[in-house]
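This report walks through some local features of the structure shown below, taking a sheet, the helices beside it and a contact between two chains in turn.

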Amino acid sequence: MSLTAALRTAQSALQNTAAQTSVTTRNVAGSGDPSYSRKIALASSTADGGAQVLTITRAADKALLESLTDTASRAAAQQALADGLNELNATIGDPELDQSPAALIGAFTDSIQLYSVSPGDQILAQAVITKAGGLANALNDAARTVQRVRQDADAAMDAGVRDLNGLLADFETANKAVVNGTRAGLDITDSLDARDRLMSRISELIGINVVPRADNDAVLYTDSGVTLFETSPRLVSFQATGTFTAGFSGNAITVDGVPVTGAAATMPIRSGRLQGLADLRDNAAVTYSRQLDEIARGLIAAFAESDQSDPPGLPDLPGLFTAGVSAMPGNALVPGLAGAIRVNPTVDPDQGGNLALLRDGGIGAPGNPAYRYNPSGAAGYADRLNDYLGALSAQRSFDAAADVDASNSLPGFAASSVSWLGVVRQNATNAADYEQTLLQRTSEALSNATGVNLDNEMSLLLDLERSYQASSKLIGAIDAMFAMFLAEVA
Amino acid sequence: MATTVSTYAVSNATRLSILKMQSELAVRQKEVATGRLDDVGLALGGRAGQTVSLRQEHARLQSIIDSNSIVTARLDATQAGLGSILEGAEAFLGALIDARGGSGGPGMVEERAKAELASLINGLNATQNGEYLFSGINTDVRPVTDYFAEPAAANKQAVDAAFLAAFGVAQTDPAAADIDAADLKAFLEGDFADLFEGAQWSTAWSSASDQTIRSRISTVELIGSSATAQNAAVQKLAMTYTMMADLGAAGLKREAYEALIDTAVSTMGEAIKGITDTRAQLGSSQSRVATASERMAIQMDVLATHIDTLEGVDPYEASTRVNALLTQIETAYALTARIQQLSLLDYL
């Protein structure tokens, strides 16, 4: 132990103090950044007790980070679904406004009721046609809205996939920096932070599992097990669709060639915004559009006209409501019917039709006497109108693919559709709220565990100042001792 | 349990909770103002369909009550029309009985019969709201042909033809005085009666339909809500008046005239009974409509209460919540301000 050794130790102490101060500065600078983790400078002595070595680590909590990425995925998925369902809800609106298909069916039935007591009144007949037109238009609009929601979800999936590919490319860069830095023994804490940040952003889009490897390398898998990143990113591809029609399912997202969304996916992703959008586009919106199509089919069936001759030989024809084709729809779901349903032009005066056909029958085939329910043409004939009222409240069977009642009256089915949307919307919104709250709590916990506390850094700085002072004083003292010695010798 | 706290977490926590409270405050304010849930579908979930159904049902009952008022008006007018026809018939019956007893010359009775026939035809051709009340479902067609129209109407021609065919002379011919009582009676019960029945009635006299208008007066009841001239009582009434008005009663000999009056009295009796029966039926329809409307009005009140239970918000609970939120937000603001001021830097 010589003075020179002491000098060298004091010198390295000064250097370390300077380095630690710079770490404190970095921490202060990053205190407002939620993805910044606190850097810790660990000073340790070498074997001979001389110089000191400084290693820089970062405060990290792997469990919390994993929990955070999982929650972020789920929250993003539920939020995407809830937002889409809120848009679908616009077709129903507030029940007080009576704008839902169910309420419009009710208003239409009421107009027939009023007409049926004075079947000779042309004004009341026109009111029925007007209400029928309103109902058909509402169904058309609702069908359009559903397809638009699917379209928007599809476009968002396209944008998301583009973002994901960009993020994976950035992840490759960050991962290389970490691995190379580890191998070279450099300070990789900032690179680790950057990589973690990218992981968070990727997890918002698609649920991921992170598997660590040697040299701090990380491999990313989707939460269903498909490789997303392994040394280099795998390609995530998606083909957007131009326009959506009922019955047409959009394309699936493929990761590394494996489809991860849609009915054909063998390893479907379970969380992430892309999953929420796919669920909206392929499940929720499709089921709702099927319900609208079944309502349309019920209307066409209720107003069908049958051969009045004895014995009847001709087929049933669509009456007041038609989808534009002369054949009746069958017993199964017909996709797109809600978009095609309209008031038959043969009975609509605005389109050159004859209002009296509403009361007399023969809307489906105006010239054919076989379909005339009122052969005498009496102005007070109310039987056909009373039949309409009966048909509207009669039980009918509905396709199970619509996921609501298998057998109900038409207004009951329409109301059940409202309930279905309410349940799905409520579930998605509650789940989104819950995941959002959980996300906040987890994010807070992670920040508390790995974030920067300004007051802590300030008091550490005080320590460093004293330490620097002491080391400087030491150097001064040693220098004075050398000077004294040299003064004696010289 | 975290033993460290980061600056970011502290400032963020209060910020996020304030945001959440503010958005809840907006929702609650709306609920206090409207008394209903802010987002009914979201709050009710699976029961959203129930409230839609209840509203539909409410509107339907209202529309049936509205249409019932039209049905009631029609029934009332029909009933009133039949009422005045019945009065005229009873008075005429009285006059016939007097004439049988000898008072009142045949000429007076004939004039009176003509007047009553014209008034009967007018009454049967009454309209309301553009619809003929006694046409059955042929509401746009005049039910009864005017007997006294110029040129001669189908019904008058038919009577003239039948009389000529039976006796070889017209009603106004003085030779009609030779007609035998028995012959006249046979004619009245035979060919003359046939004129007022079946196909001959429908061709010459009445264009009404056999069917009456059937209307729905409640969700489960369908009733006939009009009357028709195709009615045995109306036919007999027309027959009696025509008999006395247009068979040359003034020119007949005494026995024939008495036979004529006898037949008229018995036919009129049947007619009056028939009209009274029809009036009774219409009366029961009227009361059924009134009962149905009352019942539906009560049902509507119950439905309105149900709807309010589902969609409504207790105003006291809502405004209490609003006040609590306001207090909470104020406290959060104050705390945020104080915590931000706490820093070691102030003391270095």
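## A hairpin in chain A

In this predicted model, Val210(A) has Leu220(A) in β4(A) as its bridge partner. That pair belongs to the antiparallel pairing of β3(A) with β4(A), which are joined by 5 bridges. Between the two strands of this hairpin lie 5 residues, and Asp215(A) adopts a positive phi near 65 degrees.

## The sheet as a whole

The hairpin strands are part of an open sheet of 4 strands, arranged in the order β3-β4-β5-β6 in chain A and paired in antiparallel fashion. Because β3 (208–212) and β6 (232–233) of chain A stand at the edges and have a single partner strand each, one side of each is left without a neighbour in the sheet. Strands of a sheet pair through backbone hydrogen bonds, in either a parallel or an antiparallel manner.

At the β6 edge, strand β5 (residues 227–230) of chain A is connected to β6(A) by 2 bridges, the two strands running antiparallel. Here Phe229(A) has Pro233(A) in β6(A) as its bridge partner.

## Helices on the sheet

Helix α5 (residues 189–205) of chain A packs on the sheet, where it touches β3, β4 and β5 of chain A, and its direction makes about 150 degrees with that of β3(A). Helix α4 (residues 122–184) of chain A lies across β4 (218–222), β5 and β6 of chain A, and runs at about 35 degrees to β5(A).

## Helix α1 of chain A

Helix α1 (residues 3–29) of chain A has 27 residues, which at 1.5 Å a residue should span 39 Å, and this agrees with its end C-alpha atoms, which are 39 Å apart. Its buried residues include Ala5(A), Ala10(A), Leu14(A), Val23(A) and Asn27(A). Among the elements that cover the buried residues of α1(A) are β1 (39–45), β2 (52–58) and α11 (454–489) of chain A.

## A contact between chains A and B

Helix α3 (residues 101–117) of chain A packs against helix α3 (residues 48–101) of chain B at an angle of about 10 degrees, and their axes are 9 Å apart. The two helices, α3(A) and α3(B), are therefore roughly parallel to each other. Residues making the contact include Ala102(A), Gly106(A), Asp110(A) and Leu114(A) on α3(A), together with Val52(B), Ala59(B), Ile64(B) and Arg74(B) on α3(B). Sorted by class, the contact of α3(A) with α3(B) comprises 9 nonpolar, 6 polar and 4 charged residues.

Key:
Residues are numbered from 1 along each chain as its sequence is written. Chains are lettered from A and ligands numbered from 1 in the order in which they are written. This is a predicted model: local features need pLDDT of at least 70, side-chain atom pairs count only at pLDDT 80 or more; totals for chains, interfaces and linings use all residues. Side-chain values use heavy atoms; hydrogens and water are left out. Two strands pair if DSSP finds at least two bridges between them. Contact means heavy atoms within 4.5 Å. Axes are lines fitted to C-alpha atoms, for helices over the stretch in contact, and angles run from 0 to 180 degrees between N-to-C directions. The expected span of a helix is 1.5 Å times one less than its number of residues. Buried means under 20% relative accessible area, exposed over 50%, partly exposed in between (1.4 Å probe, protein chains only). Angles under 35 degrees count as roughly parallel, over 145 as roughly antiparallel, 65 to 115 as roughly perpendicular and the rest as oblique. Ala, Val, Leu, Ile, Met, Phe, Trp, Tyr, Cys and Pro count as nonpolar, Asp, Glu, Lys and Arg as charged, and the others, Gly among them, as polar.
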